[in-house]
Amino acid sequence: MDFFKDILIPCICITAAAFSYGVVFHIKGKKLAIATIGGLLSWTVYLLTGGIYVNDIPQYFLAAAAVSAYSEIMARITKTPVTLYLVVVILPLVPGGLLYYTMEEFVMGNGDGFLDKLMYAFGVAGSIALGVFLISTIARLITVGRGKIIALSKNKH
C-alpha cells in the first residue's frame, strides 16, 4: 500500500470536501473547523478499519458510529444542533460512486450487475444509517435519563 496515494491524498481531498460542504451549509468559524475535522475523522476510521472484514460494509458502520458520536459530543460542547455537524461528517461516507455504477449497470441493461451493485449499495447505506441511528438513540437515552434523574433529585428536596 502506497501511503501517499492510498492514504494521504484521499485524506487531503476528504478534508477539502468536508470544508467545502460546511461552507455550503453556512457553517462559520470554530464550528466549520469542528465539522471539517469530523469529515476527516470519518474517512480515517474507515481506512483504519480496512482489511479487518471480508467487505467494507462494517467499515461504513464503524465510521458512521464514530463520527455520529463525535457529532453528538461536539454539538453538546458548542450548543449547536447535531445535524449541523452530522451532515458534514457523513459526507465522505456517502456511496456516490457506487450509486453511479449501479445506475450505469441498469442503463447498460446488465440486470445481474445492477442487482448486485444495488444490494451492495443498500447494504452500505443501511450500515451508515444504522451507525447514526444507534449512536443517536444512545445519546437520546443518556440525555433523557440524566434529565429524569435530575428531576427526581429536585423533587426529593
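**Figure legends: a six-helix chain**

**Figure 1. Overall view of the predicted model.** The secondary structure of the protein chain comes to six helices and zero strands. Read from the N terminus, the elements follow the order α-α-α-α-α-α. Along the principal axes, the C-alpha atoms fill a box of roughly 70 × 35 × 30 Å. The protein chain has 157 residues, of which 34% are buried. Counting contacts between residues at least 6 apart in sequence, 63% join residues at least 24 apart.

**Figure 2. Close-up of the crossing of helices H2 and H4.** Helix H2 spans residues 29-48 and helix H4 spans residues 82-90. Their axes come within 7 Å and cross at roughly 40°. This angle makes H2 oblique to H4, since it falls neither under 35 degrees, nor over 145, nor in the range 65 to 115. The crossing of H2 past H4 is right-handed. On the H2 side, the contact is made by Lys31, Ile34, Ala35, Gly38, Gly39 and Ser42. On the H4 side, Leu84, Tyr85, Val88 and Val89 take part. Sorted by class, the contact between H2 and H4 holds six nonpolar, three polar and one charged residues.

**Figure 3. Close-up of the largest nonpolar core.** This core has 29 residues. Ile90, Leu93 and Ile128 are the members that touch the most other members. Two or more residues each come from helix H1 (3-24), H2, helix H3 (57-78), H4 and H6. The most are given by H3, which supplies seven residues.

**Figure 4. Close-up of the surroundings of Ile128.** Neighbours within four places in sequence are left aside in this view. The residues in contact with Ile128 are then Tyr60, Ala64, Ile90, Leu93 and Pro95. Two of these partners, Ile90 and Leu93, are named together with Ile128 as the residues of the largest nonpolar core that touch the most other members.

**Figure 5. Close-up of Ser127 in helix H6.** Helix H6 covers residues 111-156 and includes Ser127. The relative accessible area of Ser127 is 8%. Ser127 is therefore buried, as the cut-off for a buried residue is under 20%. Once its neighbours within four places in sequence are left aside, Ser127 is in contact with Ile57, Tyr60 and Phe61. Tyr60 is also in contact with Ile128.

Note on methods:
Residues are numbered from 1 along each chain as its sequence is written. This is a predicted model: local features need pLDDT of at least 70, side-chain atom pairs count only at pLDDT 80 or more; totals for chains, interfaces and linings use all residues. Side-chain values use heavy atoms; hydrogens and water are left out. Helices (H or I, at least four residues) and strands (E, at least two) are DSSP runs, numbered from the N terminus. Buried means under 20% relative accessible area, exposed over 50%, partly exposed in between (1.4 Å probe, protein chains only). Contact means heavy atoms within 4.5 Å. Axes are lines fitted to C-alpha atoms, for helices over the stretch in contact, and angles run from 0 to 180 degrees between N-to-C directions. A crossing is left-handed if the near helix is turned anticlockwise from the far one by less than a right angle, and right-handed if clockwise. Ala, Val, Leu, Ile, Met, Phe, Trp, Tyr, Cys and Pro count as nonpolar, Asp, Glu, Lys and Arg as charged, and the others, Gly among them, as polar. A nonpolar core is a set of buried Ala, Val, Leu, Ile, Met, Phe, Trp, Tyr and Cys residues joined through side-chain atoms within 4.5 Å.
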